[in-house]
Amino acid sequence: MVGNWKTFLSALVLCAVLAACESTPTHRPPITILPPQPRPVIVYPPPPPQTNPPVVRPPQPPPFVVTPPKPQPPRPPVLPPPAYSALINGAQWISIEAWGLGQGRAQFARIGAESDWTHRLQVNNTTFDLKADNRVVLCEGSQLWLGYAPKLMKGHLYIHPLDIQKNLAPILAELPKTHRVVVIDPGHGGENRGTQSVFNKAYEKEYTLDWALRLKPLLEAKGWKVHLTRSRDTSLSLADRVAFADRVKAHIFISLHFNSAGPEHTGLETYCITPVGMSSHMGRGADDDTRTALPNNAHDAPNIQYAARVHSAMVGHVGMTDRGVRRVRFMAVLKGQKRPALLLEGGYLSNPEEARLIAMPEFRQKLAEGVAKALP
Ligand SMILES: [Zn+2]
């Protein structure tokens, strides 16, 4: 009702205005042109924040990352090719690069700063890292001691011919086909107790026997016929051990030991007989005449083949300090052997931490697995 009354009153007012207009046509005021009014500035309030429903996006493709090039050490200079051999101290030493590139699928590179180059030779799947004036070569990352430290001449590394013949070349060759008869020799036994653990006063003879007993079934599972020189706590001379290997016609002999020295010494070592013409790593006061030819020198090539494989597998599997494949002449259990022969040192019973490890059956199982892995 109120709305109708308002409409009616509005119509009345409109009629009165129109009537007035009609009644005064002659008093029209002059047209005044007003200056344009400034447009009011309309300030819009900011839009209310959007409350859109969450959008499920498809997963992004992985970002295409362009890695900026790392700062490179200065590149070794490109040297003219080396002479194949060079006369050093009366012997023709051989360029590791020239020799290596003649061995199958091979690559050679110098790595690092010039003052400390690593000379890397890769042949097929085997990598050797050598340094000047350093007898240790890294073979597939584990240490092997050369007879002579390589020498640098005009930027090229030269290596003694005996190290080519007795170390590098055999390692590159395939393992000889052999009957699979192995003698495992747990070191010491009976009255000969070996060294003593600083961790629990246990004797080396117990641990070497346990290592051998763990290794035996692992090798048997790979098809080896395994003989132990002793399977109990019995005394056995070194000559008896060699004679035993002859009696069972062993094709390879492996003696197991644990080490002892100052408490700071740690790690794994593998020993085989020193080739004629080289000096040993250890003499224990014994004569180390480099001209000495021992019966086991007839097996120089397979000695280093097995030693390098077993050592590398042990170090890799157990993860202890690597003390390398080393050479000796004095070890009676090796020097008279008529077959490839190794002596393994599975850590230091004189080092508190290693003595604690060696006391653990799990650790000795790892040692056994490492050795078994290396044999074909
Ligand atoms: Zn021993």
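A residue counts as buried here if 20 or more other C-beta atoms lie within 10 Å of its own. Keep that in mind as you click around this predicted model.

**Stop 1: helix α4.** Select residues 204-221. You get a helix of 18 residues that reaches 27 Å from its first C-alpha to its last, close to the 26 Å expected. Now colour E204, K205, Y207, T208, L209, W211, A212 and L215: these are the buried residues of α4. What do they pack against? Show the strands β10 (181-186), β11 (225-228), β12 (252-259) and β15 (341-348), then add the helices α8 (352-358) and α9 (361-374). Before leaving, click on G223, just after α4, where phi is positive at about 95 degrees.

**Stop 2: the core.** Next, pick V182, I184, I254, C272, A307, L342 and V371. In the largest nonpolar core, which has 67 residues, these touch the most other members. Helix α6 (residues 300-318) gives the largest share of this core, eight residues. Try colouring 85-169 and 181-374 separately: domain 1 and domain 2 both give residues to the core, so it lies between them.

Zoom in on L342. Leaving aside neighbours within four places in sequence, L342 is in contact with I254, T270, Y271, C272, Y306, A307 and V310.

**Stop 3: confidence.** Finally, colour by pLDDT. The chain averages 86, and 78% of the residues score at least 70. Select residues 11-26, though, and pLDDT is below 50, with zero contacts beyond near neighbours in sequence. Residues 50-61 also have a pLDDT below 50 and zero contacts beyond near neighbours in sequence.

Note on methods
Residues numbered from 1 in each chain as written. Predicted model: local features only at pLDDT ≥ 70, side-chain atom pairs only at ≥ 80, totals over all residues. Helix = DSSP H or I, 4+ residues; strand = E, 2+ residues; numbered from the N terminus. Expected span 1.5 Å × (residues − 1). Buried ≥ 20, exposed ≤ 12 C-beta atoms within 10 Å, placed from the backbone. Contact = placed C-beta atoms within 7 Å. pLDDT = per-residue confidence, 0-100. Core = buried A, V, L, I, M, F, W, Y, C linked by C-beta atoms within 7 Å. Domains from an automatic or database assignment.
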